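Student: I should like a close look at a single part of this model, namely its salt bridges and one helix that takes part in them. Please set this out as one connected account.

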Amino acid sequence: NIVVRPRLVRTADLREAALIGLYGLTVHLLPPPWWPTVADAMHRARRGLRRRRQAQALDRFRSIYGEDFAPAAVRAWDRAFQQGMDRRRLYTVAERFTARWRPDIALSGAEHLAAALDQGNGALLWFDGFTHSTLVAKRALHQAGYAMHYLSSHHHGGSASAFGRALLNPVYVAAELAYLRERIVLVDTNQVACTRRMWTILREN
């Protein structure tokens, strides 16, 4: 058997730790209307990293569409996505470390979920990857009275390094746990156990 050990620490982990620290200060010292301004400023400050990510995005599009796409549109999409990710980091830190973030979240389409649950077999939800899906979707369903059991990777939170999994990922995971009944952690060796657990939950609905 081949054993792949996670890296101890990555450069990206150090950037992430610095951002968590900065955003922690932001949500404690500044009023909430200022928070997006700080996140957007950090997004603009990391121009070199942003250009590398845009180049990677263009390469992915070329691998799928050849040259049949508009590079300018891809760059604009990637800028908006990365800006949203910086804001998501900040609001997740706010959720974790302060009670000052009280967003108004509208849940639409809940009648379809209720209809599925009324059949007595539970329901499986597949989250769309919108910018704030990791936190806002869970919070919205929790506030609507739904108890969620969430299947996620053991390196959920963004880092696969030993440092990141020990110190960074728990910040993001803890912010979500408040809105979950259970987190089912998927690793390389427990796929069958996770599947059985999900079947058990659905049967108990």
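Tutor: The structure holds eight salt bridges, a salt bridge being a side-chain nitrogen of Lys or Arg within 4 Å of a carboxyl oxygen of Asp or Glu. The model is predicted, so local features need pLDDT of at least 70 and side-chain atom pairs count only at pLDDT 80 or more, whereas totals for chains, interfaces and linings use all residues. Residues are numbered from 1 along each chain as its sequence is written, and side-chain values use heavy atoms, with hydrogens and water left out.

One of the salt bridges links Asp-59 to Arg-62, with 3.6 Å between the closest N and O atoms. Both residues belong to helix α3 (residues 47–65) and are three residues apart, about one turn of the helix; helices (H or I, at least four residues) and strands (E, at least two) are DSSP runs, numbered from the N terminus. An α-helix has 3.6 residues a turn, so residues three or four places apart point the same way. Asp-59 is partly exposed at a relative accessible area of 47%, and Arg-62 is partly exposed at 34%. Here buried means under 20% relative accessible area, exposed over 50%, and partly exposed in between (1.4 Å probe, protein chains only).

In helix α4 (residues 71–97), Arg-89 and Asp-86 are likewise three residues apart, about one turn of the helix. Their closest N and O atoms are 3.2 Å apart in a salt bridge, and both residues are buried.

A further salt bridge joins Lys-138 and Glu-176, whose closest N and O atoms lie 3.5 Å apart. Lys-138 lies in helix α6 (residues 133–143) and Glu-176 in helix α7 (residues 162–177), so the pair ties together parts that are 38 residues apart in sequence. Lys-138 and Glu-176 are both buried. Elsewhere, salt bridges with shared partners join Glu-16, Asp-86 and Arg-89 into one network.

Helix α7 itself merits attention. Its 16 residues should span 22 Å at 1.5 Å a residue, and its end C-alpha atoms are 21 Å apart, which agrees; the expected span is 1.5 Å times one less than the number of residues. A kink of about 45° lies at Asn-169, shortly before Pro-170, the bend being the angle between axes fitted to the seven residues ending there and the seven starting there. Asn-169 is among the buried residues of α7, which also include Leu-168, Tyr-172 and Glu-176. The elements covering these buried residues include α1 (11–29), α4, α6, β1 (149–153) and β2 (182–186).

Key
Contact means heavy atoms within 4.5 Å.
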